[in-house]
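Okay, thanks for making time, everyone. I'd like to walk you through one chain today, and I'll go piece by piece. Here it is on the screen.

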Amino acid sequence: MQQEQEQEQEQEQHAHPRPEPRDAYRVALVAFPGIRAFDVSVITEVWGTDRTDRDAPAFDLHRVATDTTTPVPMRGGLSLLPDRTLSWLPRADLILVPGLDDHLTRAPAPVLEALRRAHARGTTIAALCGGAFTLAQAGLLDGRRAITHWNLTDLLRAHHPRVTVVPDALFIEDDNIWTAAGTAAGIDLCLHLVRRSHGAEAAATIARSMVTAPFRTGTQAQFIEHATPHTDRDADTLAAVREHALRHLHEPLTVAGLAARAGMSPRSFARHFAAATGSTPLRWLLDQRLAAAQKLLERTDLPMPEVARRAGFGSEVTMRQHFASRLATSPRAYRAAFNSGSAGSVTAGSSPIAR
């Protein structure tokens, strides 16, 4: 065993001798034949691009495989050259498993065993799209909730009946194991994991660089069906209502009031809103208020009651309750973790940070 570890370390030294940045968040992309090039690209774009000049966190991304001498083939004539072996995984803060071109592709036994050991150590593990099948092969999803692409849920249930397959969500977590739906939902999960570890502003910075939406919650529907042309005709009206809500988060907002602005009954408004966004109006409004509060806590030193008021919670108690139920933390703990120390530039008369 010791000889094998020494050989792995020697392979790594010859593969890519670049030094690892100090204090960087360490991320491992697990590679083996059959992984999807798109998911590899998403992971690389989020964690493999240096954006520290824009005050984004420092990340240290490595491509981890059974050895570093053999390129990992992917569809379309592409290949990925690993730069670390599986022996590096104990150093990782986050382990990411890409989806698969053939969703029943069996991962190498050493990969499955390494994932089991990583979970036992308490390392966060996340799978994109069909990567859930790899985690299921390792037994990590037995008795746990998981999601995959909506078109693969029956296949996952059939081949891994001990997994509790959630029928419709963008991403979910169970016991520090994250799974995501297909394609774009992998971007949502990656940005959520950045937000979770480094704060909403860091995730927003990366999202702006990628020209993608900075905030979609995991509970949002995977896809939105426009059953009739009437739904499409309402899209501009609903977008204008959402824009109004974002600009007035600090004010009392109700479904009835937003429906009136859209010229609809509350019931019709709620139905069309869910069809257009995949979320109920109240859930969407709460998500936006939480995002606004997070940004205020990161960017400013405003007192908690003022943060609560600007984000539209009305009181610090209400804001604290929603932070606990949705983010599993408190506003004060969130500020302590993610406030950069350069806050204070926002004054009492400024507009609330809503986007």
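Let's start with helix 2, residues 37–47. Its buried residues are Ala37, Asp39, Val40, Val42, Ile43, Val46 and Trp47. So what covers them? The cover includes four strands, namely strand 1 (25–30), strand 2 (59–65), strand 4 (79–80) and strand 6 (94–97), along with helix 6 (184–198) and helix 7 (200–210).

I should say right away that this is a predicted model.

Stepping back for a second, the chain has 15 helices and 11 strands. Of its 355 residues, 51% are buried. And if you take contacts between residues at least 6 apart in sequence, 67% of them join residues at least 24 apart.

Now, the core. The largest nonpolar core has 74 residues, and the ones with the most contacts inside it are Ile35, Trp47, Ile95, Leu96 and Leu135. Which helix gives the most to this core? That's helix 6, with seven residues.

Two of those well-connected residues are worth a look. Take Leu96, which is found in strand 6. Is Leu96 buried or exposed? Leu96 counts as buried because its relative accessible area is 0%, and the cut-off for buried is under 20%. Setting aside residues up to four places away in sequence, Leu96 touches Val27, Ala28, Leu29 and Val30, then Ile43 and Trp47, and also Ala126, Leu128 and Leu193. Remember that Ile43 and Trp47 were on our list of buried residues in helix 2. Leu96 and Thr124 are 28 residues apart along the chain, yet their C-alpha atoms are separated by 8.7 Å.

Then there's Ile95. With the same kind of sequence neighbours left out, up to four places away, Ile95 touches Ala28, Val30, Leu89, Leu115, Ala118, Thr123, Thr124, Ile125 and Ala126. There's also a second, separate core of 32 residues, which includes Leu258, Ala293, Leu297 and Val307.

Back to helix 6 for its packing. Helix 6 and helix 7 pack at about 145 degrees, with axes 7 Å apart. On the helix 6 side the contact uses Ile187, Leu191, Val194, Arg195 and His198, and helix 7 brings in Ala200, Ala202, Ala203, Ile206, Ala207 and Met210. By class, that comes out as nine nonpolar residues, one polar and one charged.

Quick word on cysteines. How many disulfides do we count? Zero. Cys129 is buried at 4% relative accessible area, and Cys190 is buried at 0%.

Two more residues and I'm done. His244 sits in helix 9, residues 235–247. Why does His244 count as buried? Its relative accessibility is 18%, and buried means under 20%, so it falls in that class. Beyond its neighbours within four places in sequence, His244 is in contact with Leu258 and Arg261. And Leu258, you'll recall, is one of the residues of that second core.

Last one: Thr318, in helix 14, residues 316–327. Thr318 has a relative accessible area of 26%, so it is classed as partly exposed, since that class runs between 20% and 50%. Its side chain makes a polar contact with the side chain of Ser315, at 3.0 Å. Thr318 and Ala308 are 10 residues apart in sequence, and 8.0 Å apart in space, C-alpha to C-alpha.

That's what I have, so over to you for questions.

Methods:
Residues are numbered from 1 along each chain as its sequence is written. This is a predicted model: local features need pLDDT of at least 70, side-chain atom pairs count only at pLDDT 80 or more; totals for chains, interfaces and linings use all residues. Side-chain values use heavy atoms; hydrogens and water are left out. Buried means under 20% relative accessible area, exposed over 50%, partly exposed in between (1.4 Å probe, protein chains only). Helices (H or I, at least four residues) and strands (E, at least two) are DSSP runs, numbered from the N terminus. Contact means heavy atoms within 4.5 Å. A polar contact is a pair of N or O atoms within 3.5 Å; within protein, one must be able to donate a hydrogen and the other to accept it, and residues adjacent in sequence count only if both atoms are side-chain atoms. A nonpolar core is a set of buried Ala, Val, Leu, Ile, Met, Phe, Trp, Tyr and Cys residues joined through side-chain atoms within 4.5 Å. Axes are lines fitted to C-alpha atoms, for helices over the stretch in contact, and angles run from 0 to 180 degrees between N-to-C directions. Ala, Val, Leu, Ile, Met, Phe, Trp, Tyr, Cys and Pro count as nonpolar, Asp, Glu, Lys and Arg as charged, and the others, Gly among them, as polar. A disulfide is a pair of cysteine sulfur atoms within 2.5 Å.
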